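Colleague: Before I rely on any of the labels attached to this model, I would like to hear the reasoning behind them, one label at a time.
Modeller: Then let us look at it together and set each value against its cut-off.

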Amino acid sequence: MRDLCFFIIFILGLLLHGVHGEDPYRFYTWKVTYGDIYPLGVKQQGILINGQFPGPQIDAVTNDNLIISVYNYLREPFLISWSGLQQRRNSWQDGMYGTNCPIPPGRNMTYALQVKDQIGSFFYFPSLAFHKAAGGFGGIRILSRPRIPVPFPAPSGDFTVLAGDWFKRDHTVLKGILDRGHNLPFPDGLLINGRGWNGYTFQVDQGKTYRFRISNVGLTTSINFRIQGHKMKLVEVEGSHTLQNTYSALDIHLGQPPQDYYVVVSSRFTSPVLTTTAILHYSWSTKGLSGPPPGGPTIQVDWSLNQARSIRWNLTASGPRPNPQGSYHYGLITTSRTITLANSAPMINGKQRYAVNSVSFVPASTPLKLADYFKIPGVFNLGSIPSYPTWGNGYLQTSVMHADFRSYVEIVFQNWEDTVQSWHIDGYSFFVMGMDGGQWTPASRASYNLRDTVARCTVQVYPKAWTAIYMALDNVGMWNVRSENWARQYLGQQFYLRVFSPANSWRDELPIPKNALLCGRASGRHTRPL
């Protein structure tokens with residue numbers, strides 16, 4: 001094994017007003033435009049941020065305030081969301097269409113986020129229409145505060161890896177395919193940091209340790225990450241410090257003489273298997289790449305399931321705060337409610353749709369958060385999606401589920417389809433209690449990890465299998481629950497969870513931003529004077 005070691009961070013945010021003055025501010029101005037890109041050697045129209053593809057990286061420290069002014073120079077409305085940033089008490093800044101009006105062409109919107117009590121590696125992305133297929137994404141890196149101990153030595157370098165599948169067709173063409181009720185074609189390739197085969201280089205020095213922060217920013221495909229001739233030590237998953245197990249390859253669901261090595265990303269659970277590479281280049285290297293890229297797992301579900309189960313919380317390490325992660329005994333808290341969510345792929349009105357508990361989400365003309373705040377009737381109905389599968393025919397609905405603030409819930413994701421599902425919940429970090437094949441039953445709780453599972457915001461569900469999570473509903477707001485397969489999300493596999501507090505207090509939820517954009521039936525109303 002080479003002397004070079006790797007610390008890998010496995011990847012899969014809140015309002016300016018009301019924060020303490022000692023927390024620093026970071027200011028960003030972003031200009032969103034179309035521009036020519038050539039990620040797979042073919043000219044395409046990409047979405048650039050300040051002329052960059054991928055977009056600029058956000059570097060922050062726990063509790064920093066991020067003031068991001070986004071100018072939309074596209075020909076159509078645009079929104080950015082912040083995957084993994086919890087937006088404490090502040091779903092106003094989440095950037096999904098259920099919470100925010102889009103930024104009109106030629107206009108700007110200033111997001112005011114605080115990365116309250118968070119560390120880790122996340123990413124931002126365009127959330128409207130099918131813009132994500134054209135770019136507009138970038139990395140977010142949140143470092144620990146200087147006095148908070150980190151359970152590994154400071155690395156010599158810190159690399160962000162944004163990997164995922166890519167299509168050569170324009171995003172408007174892909175959107176049209178979905179709008180006509182068809183499935184997307186197979187992806188044309190994979191990218192690493194916006195580049196195709198051997199298009200990106202990571203330069204390192206022999207004998208030093210480097211951190212790689214890996215995010216799957218693709219549209220439809222799980223990926224596997226590996227580095228030729230090297231082992232990788234996993235130290236963090238979505239802001240949770242982990243037991244430092246060593247791996248030769250990681251599923252992302254996304255003393256010899258120095259030479260160059262392949263950094264390999266390949267698709268999982270697909271036929272054919274897509275592969276792309278970057279280059280790990282040692283300084284003073286005199287020998288180039290040799291041999292084929294190393295192979296990796298392809299369709300083996302058990303391999304991936306066993307790896308997922310091996311990822312555990314480091315109970316003695318500090319998280320964003322100085323107290324150990326293990327001081328929160330999540331497994332000793334009694335849940336008050338069980339929600340079961342089953343994905344499906346119904347045909348509705350002769351078109352392909354995707355659904356949760358038979359309900360295929362359709363956006364309302366007014367963002368749900370604004371309709372709720374202004375008490376606009378007829379936009380959505382609470383209880384428009386059941387909290388358990390009905391196994392009936394699929395139907396269209398603007399689906400919103402009610403939940404009580406400060407309740408502690410169990411959510412079971414049940415997947416009877418033949419493909420891996422990936423689920424994300426905005427505004428929250430949850431505990432992955434267990435996963436297994438077949439039908440979940442109450443007896444499945446006997447296999448739960450009640451001690452040292454990791455907290456995260458995205459989780460996979462294997463084919464014909466289930467995954468169960470525990471989640472403390474401690475963040476008031478309107479939160480998107482969705483498939484991370486962007487075609488399935490676009491065609492209805494999502495809903496909104498309305499976490500409600502009757503107190504109507506700024507202690508529980510920050511007020512509507514003064515600069516909030518208003519649209520739909522909220523047009524012409526007023527936010528607030530201060």
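**Labels and their grounds**

Colleague: Which strands pair with β10, and in which sense?
Modeller: Bear in mind that this is a predicted model. Within it, 7 bridges join β10, residues 157–166, to β13, residues 209–216, and these two strands run parallel, with Thr160 standing opposite Arg213 in β13. With β11, residues 189–192, β10 pairs in the antiparallel sense over 4 bridges, and there Asp165 has Leu190 as its bridge partner. Since a pairing requires at least two bridges, both β13 and β11 therefore count as partners of β10.

Colleague: What makes β10 mostly covered?
Modeller: Of its 10 residues, 9 are buried.

Colleague: Why is Cys457 called buried?
Modeller: The relative accessible area of Cys457 is 6%, and because buried means under 20%, the label applies to Cys457.

Colleague: How do you know that Cys101 and Cys519 are joined by a disulfide?
Modeller: Their sulfur atoms lie 2.1 Å apart, and the criterion asks for a pair of cysteine sulfur atoms within 2.5 Å, so the link between Cys101 and Cys519 qualifies as a disulfide. The structure holds 1 disulfide; both Cys101 and Cys519 are buried, and the link is left-handed, with -90 degrees about the S-S bond.

Colleague: Why is the aromatic pair of Phe53 and Trp166 called tilted?
Modeller: The count comes to 30 aromatic pairs. In the pair of Phe53 and Trp166 the ring centres are 5.5 Å apart and the planes stand at 55 degrees; the distance is within 6.5 Å, while the angle is neither under 30 degrees, as stacked would require, nor over 60, as edge-to-face would require, so the pair is tilted. This pair links distant parts of the chain, 113 residues apart, with Phe53 in the loop between β3 and β4 and Trp166 in strand β10. Both Phe53 and Trp166 are buried.

Colleague: What makes Lys132 a charge over the face of Phe125?
Modeller: Lys132 lies 5.1 Å from the ring centre of Phe125, and the distance part of the rule asks for NZ of Lys within 6 Å, so the value for Lys132 meets that part. The rule also asks for a position within 35 degrees of the ring normal. Arg268 likewise lies over the face of Phe269, at 4.3 Å from the ring centre.

Colleague: Which residues form one aromatic cluster?
Modeller: Phe159, Tyr200, Phe202, Tyr210, Phe212 and Phe225 form it.

Note on methods: Residues numbered from 1 in each chain as written. Predicted model: local features only at pLDDT ≥ 70, side-chain atom pairs only at ≥ 80, totals over all residues. Heavy atoms only, no water. Buried < 20%, exposed > 50% of the residue type's maximum accessible area, 1.4 Å probe, protein only. Phe/Tyr/Trp six-rings, centres within 6.5 Å; stacked < 30°, edge-to-face > 60°.
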